[in-house]
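Hi,

Here is the structure I said I would pass on. Have a look at it first, and then read on for my notes.

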Amino acid sequence: MKFEKDINIKNRRATFDYAIVETYTAGIVLTGTEIKSIRMGKASLVDTYCYIHNGEVWVKNMNIAEYFYGTYNNHSARRDRKLLLQRKEIRRLERDSQQAGFTLVPLRLFINERGLAKLVIGLARGKKEYDKRQTLKERDDARAIARAFQK
């Protein structure tokens, strides 16, 4: 079984598809079985995005697997979950995300030192196809340099 400090679930696709402009760390409103599943590492950020509705930030499509020992109180795996941010941060995110080409993307889910689940969200601008090719080329070059220094 994983320890709480080991929980670090990343959205690898986000940094490939988007250029991250700014990041925020938000708390998540969870039920008891959801936090237990996250502590077991049973969560995924694939195809996840954030939106703002009525002055509240929500994360949609985040998959937290049902807790194995949960009974009839178990949660649904892909429900919308509310994120906890300061009002000032929400207003700034709302203003910035309404600009053309910007969106809110979850980047990383982790458990902090107090045992609370936190989600790092990023204000992101979508990359064009040639930007993605450039990212792949930079990654390959860095890998080749690392290999050269290892020998």
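Which are the buried residues of helix H3 (residues 87-97)? They are Ile-90, Leu-93 and Asp-96. Looking down the axis of H3, you will find these buried residues within an arc of 135°, so they line one face of the helix. Turn to the other side of H3 and you get Arg-87, Lys-88 and Arg-95, which are exposed.

Before you go further, keep in mind that this is a predicted model.

Now the overall layout. The chain has 151 residues, and 34% of them count as buried. It holds four helices and nine strands. Starting at the N terminus, the order of elements is β-α-β-α-β-β-β-β-β-α-β-β-α. Along the principal axes, the C-alpha atoms fill a box of roughly 55 × 45 × 25 Å.

Next, the pockets. The largest pocket comes out at a volume of about 200 Å³. Its lining is made up of 15 residues, and those nearest the centre are Asn-11, Arg-13, Leu-45, Asp-47 and Thr-48. Sorted by class, the lining has seven nonpolar, five charged and three polar residues. Which element gives the most to this lining? That is H1, with four residues. Helix H1 spans 12-17, and both this helix and strand E8 (102-111) supply at least two residues of the lining.

Asp-47 deserves a second look, as it turns up again in the backbone angles. Besides being among the residues nearest the pocket centre, Asp-47 has a positive phi of about 60° without being a glycine. You will find Asp-47 in the loop between strand E3 (43-44) and strand E4 (49-53). Is Asp-47 buried or exposed? With a relative accessible area of 60%, Asp-47 is exposed, since the cut-off for that is over 50%.

Asn-61 is another residue other than glycine with a positive phi, in this case near 75°. Asn-61 sits in the loop between strand E5 (56-60) and strand E6 (63-64). Its relative accessible area is 26%, which makes Asn-61 partly exposed.

On to the rings. How many aromatic pairs does the structure hold? The count is zero. There is, however, a charge over a ring: Arg-108 lies over the face of Phe-110, at 4.4 Å from the ring centre.

As for Phe-16, this residue belongs to helix H1. Phe-16 has a relative accessible area of 15%, so it counts as buried, the limit being under 20%. If you want a long-range distance to check in your viewer, take Phe-16 and Ala-117: they are 101 residues apart along the chain, and their C-alpha atoms are separated by 24 Å.

A second distance to check starts in the segment before strand E1 (8-10), where Asp-6 lies. Asp-6 counts as partly exposed, at 47% relative accessibility. Asp-6 and Met-40 are 34 residues apart along the chain, with 9.7 Å between their C-alpha atoms.

That is what I have for now. Shout if anything looks odd in your viewer.

Cheers

Technical notes
Residues numbered from 1 in each chain as written. Predicted model: local features only at pLDDT ≥ 70, side-chain atom pairs only at ≥ 80, totals over all residues. Heavy atoms only, no water. 1 Å grid on protein atoms, 1.4 Å probe; cavity = no way out; pocket = protein on both sides within 12 Å on 5 of 7 lines; lining within 4 Å. Points joined across faces, edges and corners; volume = space filled by probe spheres on them. Nonpolar A, V, L, I, M, F, W, Y, C, P; charged D, E, K, R; others polar. Phe/Tyr/Trp six-rings, centres within 6.5 Å; stacked < 30°, edge-to-face > 60°. Lys NZ or Arg CZ within 6 Å of the ring centre and 35° of its normal. Buried < 20%, exposed > 50% of the residue type's maximum accessible area, 1.4 Å probe, protein only. Arc of directions from axis to C-beta.
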